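Trainee: I have a new structure to read. Please walk me through it step by step.
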Amino acid sequence: METVDEGQAMEVAAAASAWPGPSRRSHLLQFLLHVSKRLDLRPIVKYSALEFFDARFLPGLPRKMGFCGARSGRAVRSWLIEPLRDSNLELFALVAVWIASKIHEMRPLSVKSLKALSDRVIADQHFTCRDFADAELVFMEVLDYNIGCTNIAFIYLEELLIQFREISKLGDLVNMDVCMEILDVLYETEDTAWLFNFACPLAASTLVTAYVISVPKQKWEFPVLPWVQFTTSYAEEEILKIVMTILMHVIKPDEIKERDKRGFSL
């Protein structure tokens with residue numbers, strides 16, 4: 001079982017923050033979330049694309065291009081990354097969606113539909129279908145052709161919510177849309193990017209947070225925090241720490257203080 005070492009995770013996130021930088025990363029993830037909505041992607045496709053793009057492609061690209069000293073493996077050469085423009089990175093975000101749809105959909109997105117969308121949402125440059133194929137090859141080389149997607153917070157979250165609803169009617173009050181909105185906010189926020197290094201405890205903490213937000217206080221009869229701790233085998237203190245981190249970013253601090261006054265017993 002992985003241990004949530006916040007200090008170590010924050011150091012890794014800080015080291016990676018020089019590339020692509022908080023502002024650029026935030027723009028790119030907002031772009032990916034926007035196109036996911038435009039394409040009406042299933043959640044598993046959206047979060048797989050985010051995992052491929054944010055957790056693997058963006059951190060891996062500098063190593064492949066030699067920005068961080070010695071290159072890792074075979075160097076990647078392409079006009080799409082030399083020079084590296086924002087419009088090209090937006091193309092790679094669409095490629096992440098394309099790859100995720102090939103993995104999870106019986107009828108994946110066509111390159112023509114993605115090209116048509118790119119013509120509308122990428123302002124600085126129009127890409128051809130051939131450009132998409134070239135970008136997919138670069139993307140796969142940066143990922144070393146590793147497109148496994150099991151360690152994704154959404155997958156754990158979906159399973160936890162199913163189990164919760166099987167043992168308590170209160171589970172029906174926890175809306176998956178709220179859970180996904182929480183994940184989306186965390187993706188867009190630089191300070192919480194490190195949480196996605198710990199998919200299972202993040203999923204557990206997201207479920208607890210959604211419970212706090214969605215279930216009326218007078219119905220807090222189910223011991224959700226001990227149940228999540230028992231189900232996932234993560235320490236209650238670790239989960240609660242992540243819950244408080246999430247709450248600080250999805251609701252106002254004053255609202256958290258007010259909840260504290262009323263009693264934060266889960």
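Mentor: Gladly. Keep in mind that this is a predicted model. We begin with the overall fold.

Trainee: How many helices and strands does the protein chain have?

Mentor: The protein chain has twelve helices and zero strands. Read from the N terminus, every element is therefore an α, since helices and strands are taken from DSSP runs.

Trainee: What share of the 266 residues is buried?

Mentor: Buried residues account for 49% of the 266. The accessible surface of the chain is about 12900 Å². Carbon and sulfur atoms hold 52% of that surface.

Trainee: What do the contacts say about sequence distance?

Mentor: Take the contacts between residues at least 6 apart in sequence. Of these, 73% join residues at least 24 apart.

Trainee: Now the charges. How should I read a salt bridge?

Mentor: Side chains of opposite charge can pair when their charged atoms come close. A search of the whole structure gives nine salt bridges.

Trainee: Which residue does Glu190 pair with, and how far apart are the closest N and O atoms?

Mentor: Glu190 pairs with Arg25, and their closest N and O atoms are 3.5 Å apart. Glu190 sits in the loop between α8 (176–188) and α9 (199–214), while Arg25 is in helix α2 (residues 22–38), so the bridge ties together parts 165 residues apart in sequence.

Trainee: Is Arg25 buried or exposed?

Mentor: Arg25 counts as buried, at 5% relative accessibility. Glu190 is partly exposed, with a relative accessible area of 23%. There is also a network here: salt bridges link Arg25, Asp54 and Glu190.

Trainee: What is the closest N to O distance between Glu136 and Lys102?

Mentor: That salt bridge has its closest N and O atoms 2.6 Å apart. Glu136 is in helix α6 (residues 129–142) and Lys102 in helix α4 (residues 86–104). The pair links distant parts of the chain, 34 residues apart.

Trainee: How are the two partners placed with respect to the surface?

Mentor: Glu136 is buried, with a relative accessible area of 18%. The cut-off explains the label: buried means under 20%. Lys102 is partly exposed, at 38% relative accessibility.

Trainee: Where does Lys102 lie relative to Trp98?

Mentor: Lys102 lies over the face of Trp98, at 3.9 Å from the ring centre. So keep two partners in mind for Lys102: the carboxylate side chain of Glu136, within the salt-bridge limit, and this ring.

Trainee: What separates Asp134 and Arg130 along helix α6?

Mentor: Asp134 and Arg130 are four residues apart in helix α6, which is about one helical turn. Their side chains meet in a salt bridge of 3.2 Å, N to O. Asp134 is partly exposed at 25% relative accessibility. Arg130 is exposed, with a relative accessible area of 61%.

Trainee: Next, the rings. How is a ring pair described?

Mentor: A pair of aromatic rings is described by the distance of the centres and the angle of the planes. A search of the whole structure finds 13 aromatic pairs.

Trainee: What are the distance and angle for Trp98 and Phe132?

Mentor: The ring centres of Trp98 and Phe132 are 6.4 Å apart and the planes stand at 80°, so this pair is edge-to-face. Trp98 belongs to helix α4 and Phe132 to helix α6, so the rings tie together parts 34 residues apart in sequence. Both Trp98 and Phe132 are buried.

Trainee: Which geometry do Phe164 and Phe222 show?

Mentor: Phe164 and Phe222 form a tilted pair, 5.0 Å centre to centre with 40° between the planes. Phe164 is in helix α7 (residues 153–167), and Phe222 is in the loop between α9 and α10 (224–232). They are 58 residues apart. Phe164 and Phe222 are both buried.

Trainee: Which residues make up the cluster around them?

Mentor: Ring pairs join Phe164, Tyr211, Trp220, Phe222 and Trp227 into a cluster.

Trainee: One last residue. Where is Ser118?

Mentor: Ser118 is in helix α5 (residues 111–121). Ser118 is buried, with a relative accessible area of 1%.

Trainee: Which residues does Ser118 contact, leaving aside neighbours within four places in sequence?

Mentor: Ser118 is in contact with Leu94 and Phe132. Phe132 is the ring that pairs with Trp98. Ser118 and Glu90 are 28 residues apart in sequence, and their C-alpha atoms are 8.6 Å apart in space.

How values were computed
Residues numbered from 1 in each chain as written. Predicted model: local features only at pLDDT ≥ 70, side-chain atom pairs only at ≥ 80, totals over all residues. Heavy atoms only, no water. Helix = DSSP H or I, 4+ residues; strand = E, 2+ residues; numbered from the N terminus. Buried < 20%, exposed > 50% of the residue type's maximum accessible area, 1.4 Å probe, protein only. Contact = heavy atoms within 4.5 Å. Areas by Shrake-Rupley, 256 points an atom, 1.4 Å probe, with all protein chains shown as cover. Salt bridge = Lys/Arg side-chain N within 4 Å of Asp/Glu carboxyl O. Phe/Tyr/Trp six-rings, centres within 6.5 Å; stacked < 30°, edge-to-face > 60°. Lys NZ or Arg CZ within 6 Å of the ring centre and 35° of its normal.
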